[in-house]
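Thanks for sharing this one. Here are some notes to read alongside the coordinates, written as numbered points.

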Amino acid sequence: MTRFLLAVALLVAAASPAQAAPPRWVGTWATAPSSAVPGTENGYPNFSVRNIVHVSAGGKEIRVRLSNAYGRTPILFGQVTVARAAGPDTPLALPGTMRTLTFGGARSITAPPGADVVSDGVALTVPADSDLLVSVYTPEPGGPVTRHQLTMQNSYFTRDGDHTADESAAAYRERTTNWHYVSGVDVRSSSLRGSVVALGDSITDGANSTWGANLRWPDQLADRVNTRLGVLNAGISGNRLLLDGDWAGPNALARLNRDVLTQSGVRTVIVFEGINDIQQTPHQTDPAKIIAALKQIASRSHDRGLRVIGATITPFKGWNSYTEELESVRQAVNAFIRTSPDFDAVVDFDQVIRDPADPQRIRPDYDEGDHLHPGDKGFEAMAKAVRVATL
């Protein structure tokens, strides 16, 4: 009888539905703070900035991360709101979607120099592949102002006080091509498996993609996976593995913790850096130094339990700094990436983008014209080259 009852219990347990995973925070949009806005030592007192950001995965509860990464003084975020955009390239909010964010229950928060702050969660249904308006009011001096410089889309601002809760676009008469303060958006989800971070330079940042169309290669990758994964863009135009830049942010090793390892729900990083170490002055002509940096990124990411995908460096023949000597450095680094056990998988962007008739060049139909940055069609090919199973 005991054996019979035990058998019945096991059958019932086997037939019971699996318990749903508890909801958790997963990154759906991010940008890497790249520099301070020149001439903003006093900050943006009495400004409201309405940042337009394009999320990858959707959810029904969201939170926002703000950054004072380049500030040398504390900054008071007097009020912060989030809303769905009423359409593309507009500061007009979709009626009924405006939400005021809180920070530990308070409507304002002061971020110390160099610090990020994260809001409480708020109920808001956010569709995948949609635009949000993140509006930030700074009532007092506090600078310099932290930004991401290359956005490939417009945002808007006013110098005339707190208009963060306005559904109307009337106050937002000035345009900016930077994202100010905002550095991340998370959704709370039990269905998303986590987030993927693309660590890169201007090619990841979307340089030469169609303005306002969200056709960067991480955007197009997100279109393939946004029911399962959030995709976060940690590209900074001009960024290098080994050296900092005045406008190109800290080197990739220095910013790895902030821009990759601490992102919400991160499970995989795609590492696509190195061309600027090669082609920018001072040129890095020793591939071993680039390889050592890539090994460090892989090791530190593995220590956090992340999968690491290495991406080969794309061609640049025809770009103004191209030489055969620098091309040999690129080839040596790519040979390492293709064969190294440091990576869990490889995406061969070089093979995808290069011209079969002249492999040191970008394919003409993928080249937007400067021989370094692909255009929309090239970004599409890159996104399709990423094997979803490796994420």
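1. A cut-off to start with, since several points below lean on it: a residue counts as buried under 20% relative accessible area, as exposed over 50%, and as partly exposed in between. Please also keep in mind that this is a predicted model.

2. Aspartate 365 is a good place to apply that scale. Its relative accessibility is 36%, so aspartate 365 counts as partly exposed. Its salt-bridge partner is arginine 363, with the closest N and O atoms 2.6 Å apart. Arginine 363, at 25% relative accessibility, is likewise partly exposed.

3. Now turn to helix 4, which spans residues 252-261. Here the side chains of arginine 255 and aspartate 259 form a salt bridge, with 2.9 Å from N to O. Why are these two about one helical turn apart? Because they lie four residues apart in helix 4. Are they buried or exposed? Both arginine 255 and aspartate 259 are buried.

4. The packing of two helices deserves a look as well. Helix 3 (residues 217-225) and helix 9 (residues 376-385) have axes that come within 8 Å and cross at roughly 50°. That angle makes helix 3 oblique to helix 9. As for handedness, the crossing of helix 3 and helix 9 is right-handed.

5. Which residues make this contact? From helix 3 come Trp217, Gln220, Leu221 and Arg224, and they meet Asp376, Phe379, Glu380, Met382, Ala383 and Lys384 of helix 9. By character, the residues of this contact are five nonpolar, one polar and four charged.

6. Two of the helix 9 residues in that contact, Glu380 and Lys384, are also worth viewing as a pair. The side chains of lysine 384 and glutamate 380 meet in a salt bridge, at 3.1 Å from N to O. Lysine 384 and glutamate 380 are four residues apart in helix 9, and therefore separated by about one helical turn. Lysine 384 has 56% relative accessibility, so it counts as exposed, whereas glutamate 380, with a relative accessible area of 33%, is partly exposed.

7. Beyond individual pairs, some salt bridges share partners and so link up: Glu327, Arg330, Arg338, Asp348, Asp350 and Arg354 belong to one network. How many salt bridges does the structure hold? The count is 20. Among them are the pairs in points 2, 3 and 6: arginine 363 with aspartate 365, arginine 255 with aspartate 259, and lysine 384 with glutamate 380.

How values were computed:
Residues numbered from 1 in each chain as written. Predicted model: local features only at pLDDT ≥ 70, side-chain atom pairs only at ≥ 80, totals over all residues. Heavy atoms only, no water. Axes fitted to C-alpha atoms, helices over the stretch in contact; angles between N-to-C directions. Parallel < 35°, antiparallel > 145°, perpendicular 65-115°, else oblique. Left-handed = near helix turned anticlockwise from the far one by under 90°. Contact = heavy atoms within 4.5 Å. Nonpolar A, V, L, I, M, F, W, Y, C, P; charged D, E, K, R; others polar. Salt bridge = Lys/Arg side-chain N within 4 Å of Asp/Glu carboxyl O. Buried < 20%, exposed > 50% of the residue type's maximum accessible area, 1.4 Å probe, protein only.
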